Amino acid sequence: MRAEGVEVELPGRSLHLKLWQARVGHIRMLLLDADIEANGSDDRGITHQLYGGGIENRIKQEVCLGVGGVRALRAVGFNPTAWHANEGHAAFIVLERIRELVQGQGLAFDEAVEVVAASTVFTSHTPVPAGHDIFPLEMFDQYMGHYAESLGVSREQLHALGRGDFGHGSGGFNQTALAIHGSFYQNGVSKLHGTVTSEMCHDMWPDIDPEENPVTSVTNGVHVKTWLAQEWISTFDQELGARWRGRLQDPEFWEGVHDIPDHLFWGIHQTNKQRMLHYVRERLLVQAEKSVDVQAYLRAWLAAVKIPNAVRLTVDVDPVSFF
């Protein structure tokens, strides 16, 4: 029997989520779609717009992403040994995985929290208090309160997983706090951002100075030879000499960048910006051809941009078919 979706619980009803698979090179990405006939008209728009529709739609989306995301991976046979919560939006993966361990393997609640945390990494991208999702406890209980019974704990114990003061008070259920409680490793996305995050989240470790708490940072690395645009490679060869390839971690050597004429920097910036816009324009046109409803809108918008034609690049999106 072929399955094409999963269900999550919403107040008084089940929400059906269709699974789609996007193939980008050799990477498979699962997408969750609520816009199907099995759902009522009020629920079909939950996945239409990212961050849209107010705070109640936001918690519905995060139930889909967190709870639905875990169930989608299980449905296609993926059993990760490490889980990554990228921002607090996905933090409900913690509660769903705890539920699996309590109900499926008979672990006690505290044991399940430890097991989940040991295999979860949390990355924060938002260094301001207003950027963290906080749901009123009444709303949290409405949408997620049934987990207390599933886990064999009180609602107060459940609330404690989402308690944290990041500069806006400790009221409500804080998704970032849930992600921190449910992970063994927390990081920002640059050295400075890690420092800011550790200070903002210091309430999670009140007895530890911010600079000593567990929040660390990861700065993205790149494969320089394939990441740099050819224009930059040619300019570095001309202005710095070929030896720059062997001096990538030599700050003193790279002081020579300041001697490169400003007009070269600006010209390369403009060239690559135009290349990006070509790519976006053609991708949107290809997508519009698959959807008659948006063709007229997209073609009018793209015509206004007035970017010449470029090579088309596509990403195929199909219903999941590997069950």
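**Salt bridges**

I started with Arg44 and found it in a salt bridge with Asp35, where the closest N and O atoms are 2.8 Å apart. Worth noting before I go on: this is a predicted model. I looked up how covered the two partners are. Arg44 comes out partly exposed, at 28% relative accessibility, and Asp35 is partly exposed too, at 31%.

Next I checked Arg245. Its side chain meets that of Asp237 in a salt bridge, 2.6 Å from N to O. Arg245 has a relative accessible area of 32%, so I put it down as partly exposed. Asp237 gets the label partly exposed as well, with 30% relative accessibility.

Then Arg247: its salt-bridge partner here is Asp250, and I get 2.7 Å between the closest N and O atoms. At 29% relative accessible area, Arg247 is partly exposed. I also asked which residues are joined into one network by salt bridges that share partners. Those are Glu9, Arg71, Glu96 and Arg99.

For the tally, I ran the search over the whole structure and got 14 salt bridges. Reminder to self: side chains of opposite charge can pair when their charged atoms come close.

**Cavities**

How many cavities of 30 Å³ or more does the whole structure hold? My search returned two. The largest has a volume of about 40 Å³. I listed its lining residues: Phe122, Ser124, His132, Thr176, Ile180, Gln186, Asn187, Thr197, Cys201 and Val215. Two elements give two or more residues to that lining, namely helix 7 (175-181) and strand 8 (185-188).

**Ser198**

I picked Ser198 next, which sits in helix 8 (residues 191-200). Buried or exposed? It is buried: its relative accessibility is 5%, and the cut-off for buried is under 20%. I then skipped the neighbours within four places in sequence and looked at what else Ser198 touches. I found contacts with Pro210, Asn213 and Val215. Val215 had already turned up in my notes, in the lining of the largest cavity.

**Nonpolar patch**

Last, I went to the surface. Met276, Leu277, Tyr279 and Val280 make a nonpolar patch of about 330 Å² there. I took Leu277 as my sample residue and placed it in helix 11 (residues 262-289). Leu277 has a relative accessible area of 35%, so I noted it as partly exposed. Patch residues need over 30%, so Leu277 clears that cut-off.

Terms used: Residues are numbered from 1 along each chain as its sequence is written. This is a predicted model: local features need pLDDT of at least 70, side-chain atom pairs count only at pLDDT 80 or more; totals for chains, interfaces and linings use all residues. Side-chain values use heavy atoms; hydrogens and water are left out. Patches are made of residues with over 30% relative accessible area and no salt bridge: like charges are joined within 9 Å, nonpolar side chains (Val, Leu, Ile, Met, Phe, Trp, Tyr) within 5 Å. Accessible areas come from the Shrake-Rupley method with a 1.4 Å probe; for residues, only the protein chains shown count as cover. A salt bridge is a side-chain nitrogen of Lys or Arg within 4 Å of a carboxyl oxygen of Asp or Glu. Helices (H or I, at least four residues) and strands (E, at least two) are DSSP runs, numbered from the N terminus. Buried means under 20% relative accessible area, exposed over 50%, partly exposed in between (1.4 Å probe, protein chains only). Contact means heavy atoms within 4.5 Å. On a 1 Å grid over the protein atoms alone, a cavity is a set of points where a 1.4 Å probe fits but cannot get out, and a pocket is an open set with protein on both sides within 12 Å along at least five of seven lines; lining residues have an atom within 4 Å of a point. Grid points are joined across faces, edges and corners, and a volume is the space filled by probe spheres set on the points.
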